[in-house]
Amino acid sequence: MPRRQQAAPVQPESLDLGHLALFVGMRVNDLVLEEIHAAGFTGLRHAHGFVFQHLLGGARSISELAALLEVTQQAASKTIAELEKLGYVEETRSEDARVRRVRLSSRGQAAVDKSRAARAGLEERLRRDHGSRAVEEARKLLARALDSLGGTEAVRARKVRSPR
């Protein structure tokens, strides 16, 4: 049986800007998730953040969430049931008894607050390691790149889709 050759190591400096930005974002997300898990917010996954984003403004129906997340109502219901079991969302009153509405629980809001604090801490770490000016220049470049590629409005409207 022939032995597989191992691929050559990747040199980050040789990657295109899109991949570098993606990999930095993925690493930040991993570190944030590790920190919130360590703080007792267990069971959360990256995909839950997309649900949380749509609940930050208040309660939503399952069908609204499904439409915003671009998933089936069954998929949205399954995710909400999981988040309810973990204590991050709770059912709330609805004008129509046939419509199930949910919102972030106090535990869910605390997880959001911890996540924001973790992100701020990582940004401060980057400022210490690389300087405030470099961090601001990187932010400006990435914001301009996002805009020039037509992605700004999706971010503004919280319509960035979860990776499939």
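## Contacts along the chain

Two residues are in contact when they have heavy atoms within 4.5 Å. With that in hand, take the contacts in this predicted model between residues at least 6 apart in sequence: 51% of them join residues at least 24 apart.

## Helices and strands

What is the protein built from? You'll find seven helices and three strands. Follow the sequence and they come in the order α-α-β-α-α-β-β-α-α-α.

Let's look at one helix, H6, which covers residues 132–148. How far apart should its ends be? At 1.5 Å a residue, its 17 residues should span 24 Å, and the end C-alpha atoms are indeed 24 Å apart, so the two values agree. Just past H6 comes glycine 150, with a positive phi of about 80°.

Here's a handy bit of background: an α-helix has 3.6 residues a turn, so residues three or four places apart point the same way.

## Overall dimensions

The radius of gyration of the protein is 19 Å, while a compact globule of 164 residues would come out near 15 Å. If you lay the C-alpha trace along its principal axes, it spans about 60 × 55 × 35 Å.

## Inside and outside

How many of the residues are buried? Out of 164, 21% count as buried, and the cut-off for that is under 20% relative accessible area. The protein exposes about 11800 Å², with carbon and sulfur atoms supplying 54% of that area.

Now for the charges: there are 28 positive side chains and 21 negative ones. The centres of these two sets lie 2 Å apart.

Definitions and conventions
Residues are numbered from 1 along each chain as its sequence is written. This is a predicted model: local features need pLDDT of at least 70, side-chain atom pairs count only at pLDDT 80 or more; totals for chains, interfaces and linings use all residues. Side-chain values use heavy atoms; hydrogens and water are left out. Helices (H or I, at least four residues) and strands (E, at least two) are DSSP runs, numbered from the N terminus. The radius of gyration is taken over C-alpha atoms; the globule rule is 2.2 Å times the number of residues to the power 0.38. Buried means under 20% relative accessible area, exposed over 50%, partly exposed in between (1.4 Å probe, protein chains only). Accessible areas come from the Shrake-Rupley method with a 1.4 Å probe; for residues, only the protein chains shown count as cover. Lys and Arg count as positive and Asp and Glu as negative; His and the chain ends are not counted. The place of a charge is taken as NZ of Lys, CZ of Arg, CG of Asp or CD of Glu. The expected span of a helix is 1.5 Å times one less than its number of residues.
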